[in-house]
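Biologist: I'd like to learn how to read a model like this one, feature by feature. Could you give me the general idea each time and then the case in front of us?

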Amino acid sequence: MNRNGIHHVTAIAGNARRNVEFYTRALGLRLVKKTVNFDDPGTYHFYYGDEAGAPGTILTFFPWDHVAPGRLGIGETQETAFRVPAGSIGYWTQRFIEKGIVHQPIVHRFGETVLAFKDPHGMRLSLIGVPGIENEAAWIGTDVPAEHAIRGFHSVNLLLAEAAPTGAILTDIFGFKEIGREGSLVRFKAEGTEIGGIVDIHEAGGFLPARMGGGSVHHIAFRAADDAAQEEMVRKLVENHGIHTTEQKDRNYFRSVYFREPGHVLFEIATDVPGFDADEPRTRLGEALKLPDFLEGRRSQIEAVLPEIA
């Protein structure tokens, strides 16, 4: 199993019901976990992904009803891109038109077809056509035909003042290497990793710094196979780059440490284990509200303040 690349991306949304409807109905992703923000348990934390909630497929959200919109700027994830079969871009373009989803004209990047769009709260997303992935497993629990379904992350695009310092972290810590340049874009790829294996850096000095808000990506998590692999990454961050992480935090489905990379984007290192079936069977993922043990005693109060999403 590949152990490099993106584990998940976490973003900020507005209304919770609208968030669930968009990602499960419009995009056809599976809601693989319904829990709460462990630091703000009156707020949901939704995880969307493939059938199993595999690393490299997971997009997560903190939805706050009255959140102010974010502002795109330096030190932020500019775009989060999903993989779809190359022949499916036409299907998705028509689907977006029918559903009134804001999208841009098709463009090409690094020889790939890109359909950029936004979610209801302004998050910048895209679908990128990838040849030869038609037979990869796909979630089929929606009206999106299996042959057109999303197959995990393609990439994230970071808007930074300069690429080299962040590129050094990607290559030394996470096993990426620079594979190409196109205009102001620098592309890095994790060797042997197809799902979630690309980070593009858009060099754009002189822009205002980003302002976090609705539609913003809060952080990007990169994969570590287990605690030992994570510890080795933490050691290299300190010894090779002078960067210290937070203490390890148990997120129930993975264990995490966090740090600011040189371009000021918040990075996380998340373990692949124990996975999203740690507290419910794969066939029932996302159906029940799951709480960590330290919040279970407050379940009735928490459920009373969480908005209805059904």
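Modeller: Sure. Let's begin with a charged pair: the side chains of R181 and E178 form a salt bridge, with N and O 2.7 Å apart. Keep in mind that this is a predicted model.

Biologist: What's the general idea behind such a pair?

Modeller: Side chains of opposite charge can pair when their charged atoms come close. Here, R181 is exposed, since its relative accessible area of 55% is over the 50% cut-off. E178 has a relative accessible area of 38%, so E178 counts as partly exposed.

Biologist: How many salt bridges does the rule give?

Modeller: The count comes to 19 salt bridges. One of them joins E112 and R187, whose closest N and O atoms are 3.1 Å apart. That pair ties together distant parts of the chain: E112 sits in strand β7 (residues 112-118) and R187 in strand β11 (residues 185-190), 75 residues apart.

Biologist: Are E112 and R187 buried or exposed?

Modeller: Both E112 and R187 are buried. Set that beside R181, which is exposed.

Biologist: Any other pairs I should look up?

Modeller: Try K189 and E194, which meet in a salt bridge at 3.6 Å, N to O. Elsewhere, salt bridges with shared partners connect K33, D279 and E280 into one network.

Biologist: Next, helices. How do I read which way the side chains point?

Modeller: An α-helix has 3.6 residues a turn, so residues three or four places apart point the same way. Now take helix α1, residues 16-26.

Biologist: Which residues of α1 are buried?

Modeller: The buried ones are A16, N19, V20, F22, Y23, T24 and A26. You can trace the spacing yourself on the display.

Biologist: And what happens at the ends of α1?

Modeller: At the N-terminal end, N15 acts as a cap, with a side-chain oxygen 3.1 Å from the backbone nitrogen of R17. Just past α1, G28 adopts a positive phi of about 75°.

Biologist: Where is R284 found?

Modeller: R284 is in the loop between β16 (266-271) and α5 (293-296). R284 is partly exposed, with a relative accessible area of 46%. The side chain of R284 makes a polar contact with that of E287, at 2.5 Å. If you'd like a sense of scale, R284 and Q94 are 190 residues apart in sequence and 31 Å apart in space, C-alpha to C-alpha.

Biologist: Now the empty space. How do I look for it?

Modeller: Rolling a probe the size of a water molecule over the atoms shows where empty space is left. In this model there are 2 cavities of 30 Å³ or more. The largest cavity has a volume of about 90 Å³.

Biologist: Which residues line the largest cavity?

Modeller: The lining is L27, G28, L29, G49, D50, T57, F82, W139, A149, I150 and G152. By type, those residues split into 6 nonpolar, 4 polar and 1 charged. G28 is the residue with the positive phi just after α1.

Biologist: And the second largest cavity?

Modeller: The second largest cavity holds about 30 Å³. Its lining includes T77, M123, R124 and V217. Strand β5 (residues 76-85) gives the largest share of that lining, 4 residues.

Biologist: What about pockets?

Modeller: The largest pocket has a volume of about 620 Å³. It has 31 lining residues, and D50, A52, G53, A54 and P55 are the closest to its centre. The lining of the largest pocket divides into 14 nonpolar, 7 polar and 10 charged residues. D50 also lines the largest cavity.

Biologist: How many residues line the second largest pocket?

Modeller: There are 22, with V20, L31, K34, G286 and I309 nearest its centre. The volume of the second largest pocket is about 460 Å³. Helix α1 supplies the largest share of the lining, 4 residues, and both α1 and β2 (30-37) give at least two each. By type, the lining of the second largest pocket has 11 nonpolar, 4 polar and 7 charged residues.

Biologist: Last one: how do I bring in a database record?

Modeller: Take the record's residue ranges and look at the same stretches in the model. UniProt, in an unreviewed entry, lists "domain: VOC" for residues 5-130 and 152-272. Residues 5-130 are 17% helix and 47% strand, with the end C-alpha atoms 17 Å apart. Residues 152-272 are 21% helix and 40% strand, and their end C-alpha atoms lie 15 Å apart.

Conventions
Residues are numbered from 1 along each chain as its sequence is written. This is a predicted model: local features need pLDDT of at least 70, side-chain atom pairs count only at pLDDT 80 or more; totals for chains, interfaces and linings use all residues. Side-chain values use heavy atoms; hydrogens and water are left out. Buried means under 20% relative accessible area, exposed over 50%, partly exposed in between (1.4 Å probe, protein chains only). A polar contact is a pair of N or O atoms within 3.5 Å; within protein, one must be able to donate a hydrogen and the other to accept it, and residues adjacent in sequence count only if both atoms are side-chain atoms. A salt bridge is a side-chain nitrogen of Lys or Arg within 4 Å of a carboxyl oxygen of Asp or Glu. On a 1 Å grid over the protein atoms alone, a cavity is a set of points where a 1.4 Å probe fits but cannot get out, and a pocket is an open set with protein on both sides within 12 Å along at least five of seven lines; lining residues have an atom within 4 Å of a point. Grid points are joined across faces, edges and corners, and a volume is the space filled by probe spheres set on the points. Ala, Val, Leu, Ile, Met, Phe, Trp, Tyr, Cys and Pro count as nonpolar, Asp, Glu, Lys and Arg as charged, and the others, Gly among them, as polar. UniProt positions are given in the numbering used here, feature names are shortened, and annotations may be inferred rather than shown by experiment.
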